[in-house]
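These are my notebook entries on a structure that I am reading for the first time. I set down what I looked up, entry by entry.

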Amino acid sequence: MNEWDATDYAAKDNLLRVVRLEAGALFDMAEDGDRWTASTGCPQWEVRDIVGHLIDVTESYFTGFDAAAAGGQVDDPLGMRVMQERLDEGAKSHRELSQADAVERLRDDFEKMMGLAAALGPGEWGGHLVTHKYMGPLPAFFYPVFQLMDYGVHGWDIRQGTGQAHGLTADTADLLVPFMFILWQATASVPASFSPISVGIRVSGRNAGDYLVRVSPDGLTYELGDISGQPAVLEFDPGSLVLTAFGRMNAGTISGDRKVADAFLNSFFRI
């Protein structure tokens, strides 16, 4: 039984607990009248835009769940390349809302999403497919994980805008670690002329492990395994891995060939 492996139904209660903590902290910051138009760690986004973004993505999750429940048709996934532009449009489309109305709407959306996640049974957690607007059909457990990314990383963004020292909590980072390799896989971008490379990634924390990662023009693959003998090894604590994968910071301790490590770290587009 692994309560830190969000792909496992056994982690459901723990995951939802951590999501609620991150959401509560973000709501508290978003309700501060002095912060509403403050800058954040997301270029071009103010606090109000992060709230608008969370409304936009959460309500898109409802569309997927409704279609899955009714067996209805959904639009083809848009793909990851357009995410940055479309998410910016979605976030800023809610600027017309007052602070009170926007936060209230987001709180309502959050409770609805948590209700959907709480209702998932053992078979549905990994067996019920829900279509994501950009990524296509995904197991249902991805959606509470997305909520943890939404509130955890964007809560970090709001704190980053204050100019104060801060960090990412261990519970949030530990739960997200395995999904950072999926994020890297989905955002890998290398030209046809790129020479294939392999690196080792060593991560600490509750989901500690050694990952063998290969990047080529065909994309990125990863697996847990022996990373001895790799030309470069990058070591991360969980928070640094999450923030690096999301493009919020440049972190990691490099052993071996720095050029190979740099080639790996620059193999992704941002979303």
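**Entry 1: Gln-147.** I began with the accessibility of Gln-147, which counts as buried because its relative accessibility is 1%, where the cut-off for buried is under 20%. I note at the outset that the model is predicted. I then looked up the place of Gln-147 in the chain and found the residue in helix H6, which covers residues 142–161. Its side chain makes a polar contact with the side chain of Asp-150, at 3.2 Å. I also listed its contacts, leaving out residues up to four places away in sequence: Gln-147 touches Val-19, Thr-58, Tyr-61, Phe-110, Met-113 and Gly-152.

**Entry 2: two aromatic pairs.** Tyr-61 and Phe-110, both touched by Gln-147, led me to the aromatic rings. I found that the structure holds 20 aromatic pairs. One of them is formed by Tyr-61 and Tyr-143, which lie edge-to-face, with 5.3 Å from centre to centre and 75° between the planes. This pair links distant parts of the chain, since Tyr-61 is in helix H2 (residues 47–70) and Tyr-143 is in helix H6, 82 residues apart. I checked the burial of each partner: Tyr-61 counts as buried at 4% relative accessibility, and Tyr-143 counts as buried at 0%.

I next examined Phe-110 and Tyr-151, an aromatic pair that is also edge-to-face. Here the centres are 5.3 Å apart and the planes are at 70°. Phe-110 lies in helix H4 (residues 99–118) and Tyr-151 in helix H6, so this pair ties together parts that are 41 residues apart in sequence. Both Phe-110 and Tyr-151 are buried.

**Entry 3: a cluster, and charges over rings.** Which residues form one aromatic cluster with Tyr-61 and Tyr-143? I recorded Phe-65, Phe-141, Phe-142, Phe-146 and Phe-179 as the other members. I also looked for charged side chains over rings. Lys-112 lies over the face of Phe-62, at 4.3 Å from the ring centre. Arg-206 lies over the face of Trp-4, at 3.7 Å from the ring centre.

**Entry 4: the nonpolar core.** The largest nonpolar core has 84 residues, and those touching the most other members are Leu-26, Tyr-143, Met-180, Trp-184, Ile-201, Val-213 and Phe-264. Helix H6 gives the largest share of this core, ten residues. I followed Trp-184 further and, leaving aside its neighbours within four places in sequence, found contacts with Leu-220, Phe-236, Leu-241, Ala-245, Phe-264 and Phe-268.

**Entry 5: helix H3.** Where do the buried residues of H3 fall, seen down the axis of the helix? I first identified them: in H3 (residues 83–92) they are Met-83, Leu-87, Gly-90 and Ala-91. They fall within an arc of 100°, so they line one face of the helix. An α-helix has 3.6 residues a turn, so residues three or four places apart point the same way. I then looked up their partner and found that the buried residues of H3 pack against H2.

**Entry 6: Val-18.** I closed with Val-18, found in helix H1 (residues 12–30). Val-18 is buried, with a relative accessible area of 2%. Not counting residues up to four places away in sequence, Val-18 touches Leu-148, Asp-171, Thr-172 and Leu-175. I also took one long separation: Val-18 and Asp-262 are 244 residues apart in sequence and 33 Å apart in space, C-alpha to C-alpha.

How values were computed. Residues numbered from 1 in each chain as written. Predicted model: local features only at pLDDT ≥ 70, side-chain atom pairs only at ≥ 80, totals over all residues. Heavy atoms only, no water. Helix = DSSP H or I, 4+ residues; strand = E, 2+ residues; numbered from the N terminus. Buried < 20%, exposed > 50% of the residue type's maximum accessible area, 1.4 Å probe, protein only. Polar contact = N/O pair within 3.5 Å; in protein donor to acceptor, adjacent residues only side chain to side chain. Contact = heavy atoms within 4.5 Å. Core = buried A, V, L, I, M, F, W, Y, C linked by side-chain atoms within 4.5 Å. Phe/Tyr/Trp six-rings, centres within 6.5 Å; stacked < 30°, edge-to-face > 60°. Lys NZ or Arg CZ within 6 Å of the ring centre and 35° of its normal. Arc of directions from axis to C-beta.
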